[in-house]
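Visitor: I would like a close look at a single part of this model. Please set the part in its chain before going into detail.

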Amino acid sequence: MRIVAPICSPDEVAALADAGADEFYCGLLPPLWRTRTDPAPLSRRGGGNLTSLAALAATARRAHDFGRTLAVAFNAQSYPTERWNELLDLIESSVAAGVDALIIADLGLLTALAERRMSVRLHLSSVAACHNRETAALAAELGAKRVILPRHITVAETHALCGQLPGIEFESFVLNDGCVFEEGSCHTLHLPTPLGGPICLDCRSFEYERVGGTALEPAEHEALRRNDAEWERWLWYTFACGFTVTETGLPNGPCGLCAIPALDVAGVCALKIAGREAPLERRRSSVALVAEVRARVRARQPTAEILEFARALRGRPERCASGYMCYYRQPTAVRRAH
Amino acid sequence: MTELITATPAPIDCTLAFTHIAALRAYVAAAASAQPNPRFLERVGLPGWGRVAQLRFGNEFCHRLLPSPAAVRQGLQLAARHGFDFALALPILTDAGLVRAERLLAEMPDGAEVAVNDWGLMRRMARGFAHLQIIAGRQICRLLKDPRAPPASGAGPQRGWANPGLAALLMRLRARRLELDIPPFARTLEPEVPGMRLSAHTPFSFVTTGRICRLGNLRQEPARRFAPEHGCSRECLTYCVRITRRTTHADSLPLLQRGNTIFYRHGDASRSTLITALVAGTIDRLILPGDWHADRSADLLTG
């Protein structure tokens with residue numbers, strides 16, 4: 001399994017590669033694409049992007065110097081139609097700059113790129129929300145070599161997908177940046193904080209009404225209140241445990257470390273570390289965490305030992321025990337055959 | 001807007017969408033007993049603009065709400081008995097969901113429409129269900145439509161459905177109609193796509209949805225709570241939810257939630273955009289929520 005890390009500058013290649021990254025991915029947002037009204041016109045993130053084709057070329061060269069590859073994300077859900085040709089030109093220029101893969105979310109864009117027969121790998125973004133074999137097969141027909149699975153998918157479902165489509169590579173989330181909703185079906189912006197931030201944090205109160213209008217019983221109110229409180233607790237975990245790190249600087253929040261053995265058995269080829277917008281140190285320590293667990297998988301250590309090791313890494317076993325920090329709640333659902 | 005409304009074009013075909021078979025049954029019963037003409041178009045600001053031509057069954061957003069084949073058969077019979085066309089709506093699906101969906105497709109008669117929100121299901125239908133018409137649902141039509149963004153955000157170009165790649169793919173997969181939500185602050189819609197007809201949902205556009213349902217976890221055991229594979233007791237059929245935001249501006253639109261999906265109710269800008277598109281003929285069908293809305297009344301349509 002290859003470790004796929006987010007990168008924001010050619011200067012970060014060495015640190016991330018030394019920590020264990022095998023592949024890099026980045027965003028690109030040149031000045032001509034910056035608009036006042038749309039902070040992320042080319043990819044799902046408005047921050048952490050390279051800002052020129054020259055920087056992209058430099059990052060690709062640096063990655064290649066270290067024997068790594070670079071993918072660039074054009075994974076906006078859709079694009080302004082009047083800038084379609086401009087978009088395709090920018091993508092062609094990115095390929096010319098030396099990137100190894102394009103991460104695409106819009107299947108219309110994937111269709112258009114397939115027609116151009118570019119000499120670059122195409123990866124289907126998690127934003128495409130591929131939850132089944134037929135979607136993966138469609139992406140493959142359009143030229144995708146890899147499908148990046150969405151966040152909200154189980155290990156068992158991943159296992160089934162990998163088994164049914166052996167010709168396609170699958171990449172799974174393993175650390176950081178949870179989403180409350182399906183990213184590919186979330187048509188909002190992460191607004192500046194004064195305007196509300198992400199919609200999942202912007203919703204303050206929920207007023208329940210019974211369909212038909214009859215009043216709720218006190219017991220119903222209480223059950224709904226308890227559920228809301230539990231939801232808030234889950235949100236806290238989903239948003240990096242209140243956007244914190246451990247005392248030793250390790251990232252808190254959505255994590256699939258203890259699922260790595262199962263993802264390996266499932267046939268996943270790449271482990272994705274999310275968080276293009278995070279500081280370098282957070283990304284570097286994330287890569288190192290994943291690399292430590294992967295090393296044990298490669299060494300064929302018993303799965304139970306690897307799980308125990310992964311859950312002890314942050315020194316907060318109660319957070320793992322909550323289940324709310326997990327990308328994969330039942331990582332032992334898939335086991336090695338032996 | 002009043003002037004536009006009085007310039008009524010030919011009646012527009014409307015689809016009434018139902019998640020719950022009981023709601024569909026109740027609507028049909030009301031229509032059959034010759035109760036007063038449903039005021040649904042009046043309530044969404046389009047009085048006298050259309051007629052109900054089609055009843056749709058199934059939920060666009062949640063695989064936990066996939067109906068049973070028996071419920072689909074019942075819906076078909078009810079619709080046919082009262083002279084309505086019958087269509088099915090299906091959400092994004094897992095592999096297990098695809099298997100269940102295929103059982104439902106097998107119940108559908110020749111020529112029936114299916115609103116599809118999953119690319120994989122669309123591929124499957126294009127290859128194996130030639131007798132059915134594929135409608136690309138509103139999750140296929142990905143628009144930026146954040147009702148919290150300042151209105152200026154909608155004044156510029158919209159990201160959209162009219163790009164050549166999407167049109168080519170939809171054509172390849174046999175879809176000839178696309179459903180869209182009206183953006184919150186847009187003044188115009190994208191140009192028409194040759195060969196593709198457009199329907200619009202009103203009066204709610206969806207904002208975000210996903211596999212994890214807040215309300216659906218009400219009775220879940222702790223080990224499964226808020227995990228992708230959590231089950232539910234279909235609490236969404238019992239409760240609707242009004243959302244209050246932490247931050248608002250003067251033009252904020254009301255947010256509502258049913259089940260796993262947040263919607264905004266159209267304001268004047270969306271209504272005006274919709275009316276312009278209806279008059280121009282860009283949009284030739286409306287889809288209204290028969291039961292999947294957040295009005296306290298059980299029935300948005302006749303209440």
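**A helix and some loops of chain B**

Guide: Chain B has a secondary structure of eight helices and 12 strands. The model is a predicted one. Chain B holds 303 residues, of which 54% count as buried. Among its contacts with a separation of 6 or more, 71% are between residues 24 or more positions apart.

The part to look at closely is helix α6 of chain B, residues 119-128. Seven of its 10 residues are buried, so the helix is largely enclosed by the rest of the structure. A residue is called buried here when 20 or more other C-beta atoms lie within 10 Å of its own. The residues of α6(B) that meet this cut-off are Trp119(B), Gly120(B), Leu121(B), Met122(B), Arg123(B), Arg124(B) and Met125(B). Two arginines, Arg123(B) and Arg124(B), are therefore on the buried list by the neighbour count. As a general point, an α-helix has 3.6 residues a turn, so residues three or four places apart point the same way.

Some loop residues of chain B can be set beside the helix. Pro254(B) sits in the loop that runs between β9 (239-245) and β10 (255-258). Because 17 other C-beta atoms lie within 10 Å, Pro254(B) is partly exposed. Apart from neighbours within four places in sequence, Pro254(B) has contacts with Tyr264(B) and Arg265(B). Leu46(B) is 208 residues away from Pro254(B) along the chain, and 20 Å separates their C-alpha atoms.

Another proline, Pro203(B), belongs to the loop between β7 (197-201) and β8 (204-208). The peptide bond joining Thr202(B) to Pro203(B) is cis, with omega about 5°.

Arg174(B) is in the loop between α7 (164-172) and β6 (175-181) of chain B. This arginine is not a glycine, yet its phi is positive, at about 75°. Arg174(B) has 15 C-beta neighbours inside 10 Å and so counts as partly exposed.

Chain A offers an arginine to put next to Arg174(B). Arg117(A) lies in the loop between α4 (107-116) and β6 (121-124) of chain A, and its phi is also positive, at about 50°. Arg117(A) counts as exposed because it has 7 C-beta neighbours inside 10 Å.

To return to the helix, α6(B) is largely enclosed because seven of its 10 residues are buried, whereas Pro254(B) and Arg174(B) are partly exposed.

Conventions
Residues are numbered from 1 along each chain as its sequence is written. Chains are lettered from A and ligands numbered from 1 in the order in which they are written. This is a predicted model: local features need pLDDT of at least 70, side-chain atom pairs count only at pLDDT 80 or more; totals for chains, interfaces and linings use all residues. A residue is buried if 20 or more other C-beta atoms lie within 10 Å of its own, exposed if 12 or fewer, and partly exposed in between; C-beta atoms are placed from the backbone. Helices (H or I, at least four residues) and strands (E, at least two) are DSSP runs, numbered from the N terminus. Two residues are in contact if their C-beta atoms, placed from the backbone, lie within 7 Å.
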